[in-house]
Amino acid sequence: MDNAATVLVIHGPNLNMLGTREPEVYGSDTLEDIDRRLVEKGRKLRLAVETFHSNHEGAIVDRIQEAAAAGVAGVIINPAAYTHTSVAIRDALLLLSCPIVEVHLSNVYKREAFRHKSYVSDIAAAVMAGFGARGYELALEGLAGML
Ligand code: DQA
């Protein structure tokens with residue numbers, strides 16, 4: 001898609017296990033299902049959606065730095081467990097000058113207290129939690145409206 005603004009979607013650790021990982025919490029869609037739908041929805045919104053998954057904090061930091069250098073139009077990130085621990089990912093996100101949307105499949109505020117702390121929420125333009133896999137598409141729609 002020439003000249004389309006790029007949105008980068010980042011998935012953190014263990015999200016590659018969606019479909020089999022605690023389906024009662026995270027649903028039955030796989031990460032491939034989610035990514036495919038995001039790319040399709042991006043096409044309709046005239047956005048080039050790129051997706052990235054890593055189980056490694058440093059790899060996520062590297063990918064965010066690349067996105068900052070490339071000047072992406074927006075970032076959607078589910079940092080998974082790193083949401084609650086990673087100053088490094090927060091610091092990398094601060095390099096971006098585009099809107100950031102934080103996504104969680106589950107409503108983290110209904111869960112254990114350690115999931116209530118996010119190192120990302122206060123630097124995000126918006127937060128989506130509790131809509132399952134559909135939350136990513138809602139986030140993309142919302143982000144498109146901000147661009
Ligand atoms: C999650 C919530 C996190 O607390 C958890 O560590 C995850 C997934 C979610 O999408 O609901 O891995 O980010």
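A polar contact, as the term is used on this tour, is a pair of N or O atoms within 3.5 Å. The model is predicted, with local features needing pLDDT of at least 70 and side-chain atom pairs counting only at pLDDT 80 or more, while totals for chains, interfaces and linings use all residues. Residues are numbered from 1 along each chain as its sequence is written, and side-chain values use heavy atoms, with hydrogens and water left out.

Begin by selecting the ligand together with Arg21, where a ligand oxygen atom is 3.0 Å from an N or O atom of the side chain. Add His84, whose side chain has an N or O atom 2.7 Å from an oxygen atom of the ligand, and then Ser106, where the corresponding distance is 2.6 Å. Of the 320 Å² of accessible area that the ligand has on its own, the protein covers 99% (Shrake-Rupley method, 1.4 Å probe).

Next, widen the selection to the residues that surround the ligand, which include Tyr26, Asn78, His104, Leu105 and Arg115; a residue is counted here if one of its heavy atoms lies within 4 Å. By class, this shell has 5 nonpolar, 4 polar and 2 charged residues.

Finally, select Lys117 and Tyr119, where Lys117 lies over the face of Tyr119 at 4.6 Å from the ring centre (NZ of Lys within 6 Å of the ring centre and within 35 degrees of the ring normal).

Terms used: Polar contact = N/O pair within 3.5 Å; in protein donor to acceptor, adjacent residues only side chain to side chain. Nonpolar A, V, L, I, M, F, W, Y, C, P; charged D, E, K, R; others polar.
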